[in-house]
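Visitor: I have a chain to look at. Can you walk me through it?
Guide: Sure, here it comes.
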Amino acid sequence: MTFEDKLAEYADLVVRVGINVQPNQYVLINTTTESLDFTRIVVKKAYEAGAKRVHVNFSDGPTNRAFYDYAPDSEMKEFPAWMVAQREDLIEQQGALLWIDAEDPDLLMGVPANRISDQQKVAGRALEKYRASVMSDKIAWSIIAIPSQKWAAKVFPNLPQDAQLNALWEAIFKTVRIGEGNAVDQWKTHINGLENRAKTLNNKRYKKIIYKAPGTDLTIELPEKHLWVTGASRTPNKTMFIANMPTEEVYTAPLKFGVNGYVRSTKPFVYQGNTIDSFTLTFEKGKIVKVQAATGNDLLQELIQHDDGSAYLGELALVPHESSISSSEILFYNTLFDENASNHLAIGEAYPTCVEDARDLEEAQLESLGLNRSITHEDFMIGSAEMDIDGERQDGTIEPIFRKGNWAF
């Protein structure tokens, strides 16, 4: 396949499998100016799939950086009402939402942590209705990525500059199964494999998951009616979509107050244009009570203080160390990819879809089921080839789930 053929197949995969555009549907794309050429291909593919209108919100890295550098402090605590209205209208219209990420991982390096935190807090509160709809799969949504020159330079610093971008393109194509035969068929086979794993875990009805690894000794209790799910999600009208491309995970929600012990990160966590790395979190009765980070400690401290729920977990996800992304030995400095190379956890909000019949419940009802609520949801990586994971069944039986970083069944 030529490079142009791969671009076209990637765009088609995103439209027909990722957000699975339906006839006469609105589509909203959020992306950056770095992705202009690819976005144009996606827009055309969306119309060919039957979309009635495709709108693109372009952001620009240097422009975004200028906002954080020069806007007054007071503006860090404001969020435009028209941006809220656009997203809420998409929900009302049952549209589809696509993020195309091409950001510089170091875009906001050096910006005071409190300015980033203030803006994230106000955005989270303003977009609460929109976030709730996305987290409960009320609409089809997907996150994908394409390379930018600065991101490629971060991932492949030892390559000549003129080779970095192409190297990252090829790495991304491989993660989303482009160039390995019919991509749609490849994805069907892959998702079937993940859903079989989820079915096995659901049949076990574990009450606790126990993690052991160097720097990690963590026990996570699960809600009584928890569900293990995959990246293949369904809207209320049963339209299937893939929320993350790539995806290698099987995940569920923790019991909010049932997390105890400590866990060490194993990959850098890129958050709002900054890198947080080499950190350990200690939990007592679900809450993060101690944070130690070699890099980005101030920003991590701000993150877990966004609201009451940001000091608790909202997700635990299982990803084998031998996954294709992990086996590539590429550190992407992008959570979309790095979380699919490693077992991971998420700080903040839990997915209602991870508990039986919880999709349409109100906040208080979700809380009563033990699901954490928050304006944030941020994944961080904890897996390694040295990690063992056990499941404790209702009768107290302990069974292996992972051994040396990979599935034990």
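**Strand pairing and overall shape**

Guide: Strand S10 (residues 250–252) pairs with S15 in the antiparallel sense, over 3 bridges. Keep in mind that this is a predicted model.

Visitor: Which residue in S15 is the bridge partner of Tyr251?
Guide: Ala317 is the partner of Tyr251.

Visitor: What other strand do bridges join to S15?
Guide: Strand S16, residues 344–348. S15 and S16 run antiparallel and are joined by 4 bridges. In that pair, Glu315 has Ala346 of S16 as its bridge partner.

Visitor: How many residues of S15 are buried?
Guide: 6 of its 6 residues are buried. S15 covers residues 313–318 and is mostly covered.

Visitor: Where do side chains point in a regular strand?
Guide: They alternate between the two faces of the sheet.

Visitor: Switching to the whole chain. How many helices and strands?
Guide: 13 helices and 20 strands.

Visitor: Why call the chain as compact as a globular protein of that length?
Guide: Its radius of gyration is 20 Å, and the globule rule gives 22 Å for 409 residues. Those values are close, so the chain is as compact as a globular protein of that length. The C-alpha trace spans about 55 × 50 × 50 Å along its principal axes.

Visitor: What share of the residues counts as buried?
Guide: 56% of the 409 residues.

Visitor: And the surface: what do carbon and sulfur atoms supply?
Guide: They supply 47% of the exposed area, which is about 17400 Å².

Visitor: Last one, charges. How far apart are the mean positions of the positive and negative ones?
Guide: 4 Å, with 42 positive and 58 negative charges in the chain.

Note on methods
Residues numbered from 1 in each chain as written. Predicted model: local features only at pLDDT ≥ 70, side-chain atom pairs only at ≥ 80, totals over all residues. Heavy atoms only, no water. Helix = DSSP H or I, 4+ residues; strand = E, 2+ residues; numbered from the N terminus. Rg over C-alpha atoms; globule rule 2.2 N^0.38 Å. Buried < 20%, exposed > 50% of the residue type's maximum accessible area, 1.4 Å probe, protein only. Areas by Shrake-Rupley, 256 points an atom, 1.4 Å probe, with all protein chains shown as cover. Lys, Arg positive; Asp, Glu negative; His and termini not counted. Charge placed at Lys NZ, Arg CZ, Asp CG, Glu CD. Pairing = 2+ DSSP bridges.
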